[in-house]
Amino acid sequence: MRRAIAIAVVGASLAGCSSFSFDSLKPTPPPVQVQLESVPPGADAVTSLGPACKTPCSVAVPAPDSGFSVTFNLPRHASATVPVQVIRNPGDFASPATTMTDPNPVFVELKPAGPPPKSARKPMRPKKPKPPKAAAAPAPAGSPFPNPSAPPPPPPPPR
């Protein structure tokens with residue numbers, strides 16, 4: 001019986017060794033500090049890695065294997081996106097490994113947005129000129145209304 005228990009313990013310990021990975025022993029890269037600036041200041045700066053802030057500011061981003069981008073947004077201004085490259089220096093025995101970003105600081109000049117697009121309304125047609133008024137037709141003979149184009153009646157004789 002002892003032999004069976006010993007085999008089970010040795011088998012379990014070997015199974016644990018097969019799932020062990022040396023990746024957990026690798027140090028995680030330290031975050032990289034990136035300075036973000038814009039003209040005019042106060043723009044919302046959002047990195048493609050997640051961190052965001054209002055310019056001028058500084059954010060700590062995890063150093064990715066490839067580059068990332070920063071998008072700047074400000075009301076009444078056109079948004080702008082700036083690509084950022086990550087540069088790794090592996091170091092040697094005398095110097096430690098370093099990670100830098102290019103550009104740093106990340107700077108952008110935001111341009112004012114143009115006027116809003118005009119709506120697609122139909123242009124107004126010009127009004128047609130009115131025809132000249134024709135002379136009024138004479139009133140019929142038995143009409144109680146006077147003819148507007150007739151001369152005024154003569155004044156009554158003096159008494």
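**View 1. T55 is a buried residue of this predicted model**. At 5% relative accessibility, T55 falls under the 20% limit and therefore counts as buried. The residue sits in the loop that runs between strand 3 (52-54) and strand 4 (57-61). Its side chain makes a polar contact with the side chain of S38, at 2.6 Å. Leaving out residues up to four places away in sequence, T55 touches L36, E37, S38, P41, G42, A43, A45 and F72. S38 thus appears both as the polar partner of T55 and among the residues that T55 touches.

**View 2. A cis peptide bond joins T55 and P56**. The omega angle of this bond is about -5 degrees. P56, like T55 in the previous view, is found in the loop between strand 3 and strand 4. The bond can be viewed together with the buried side of the loop, where T55 has a relative accessibility of 5%.

**View 3. A disulfide joins C53 to C57**. The two sulfur atoms are 1.7 Å apart, and the count for the model comes to one disulfide. The torsion about the S-S bond is about 40 degrees, so the disulfide is right-handed. Both cysteines lie under the 20% limit for buried residues: C53 has a relative accessible area of 18%, and C57 has a relative accessibility of 13%.

**View 4. Three strands form an open sheet in the order 4-1-8**. The pairing within this sheet is mixed. Strand 4 and strand 8 (106-109) are the edge strands, and each of them pairs on one side only. Neighbouring strands of the sheet are turned against each other by 25 degrees on average, with direction ignored. Strand 1 (residues 32-39) pairs with strand 8 in the parallel sense, over four bridges. In strand 8, F107 is the bridge partner of E37. E37 is also one of the residues that T55 touches.

**View 5. A second cis peptide bond joins D102 and P103**. Here omega is about 5 degrees. P103 is found in the loop between strand 7 (98-102) and strand 8. Strand 8, on the other side of this loop from strand 7, is an edge strand of the sheet in the previous view.

**View 6. T47 is a buried residue in strand 2**. Strand 2 comprises residues 44-47. T47 has a relative accessibility of 5%, under the 20% limit, and so it counts as buried. The side chain of T47 reaches the backbone oxygen of P51 at 2.9 Å. With its neighbours within four places in sequence set aside, T47 is in contact with V59, V61, F68, S69 and V70.

**View 7. R76 is an exposed residue with a positive phi**. The phi angle of R76 is near 65 degrees, a positive value in a residue other than glycine. R76 is found in the loop between strand 5 (68-73) and strand 6 (80-89). Its relative accessible area is 74%, which is over the 50% limit, so R76 is classed as exposed. T47 in the previous view, by contrast, is buried.

Key: Residues numbered from 1 in each chain as written. Predicted model: local features only at pLDDT ≥ 70, side-chain atom pairs only at ≥ 80, totals over all residues. Heavy atoms only, no water. Helix = DSSP H or I, 4+ residues; strand = E, 2+ residues; numbered from the N terminus. Buried < 20%, exposed > 50% of the residue type's maximum accessible area, 1.4 Å probe, protein only. Polar contact = N/O pair within 3.5 Å; in protein donor to acceptor, adjacent residues only side chain to side chain. Contact = heavy atoms within 4.5 Å. Pairing = 2+ DSSP bridges. Axes fitted to C-alpha atoms, helices over the stretch in contact; angles between N-to-C directions. Disulfide = S-S within 2.5 Å.
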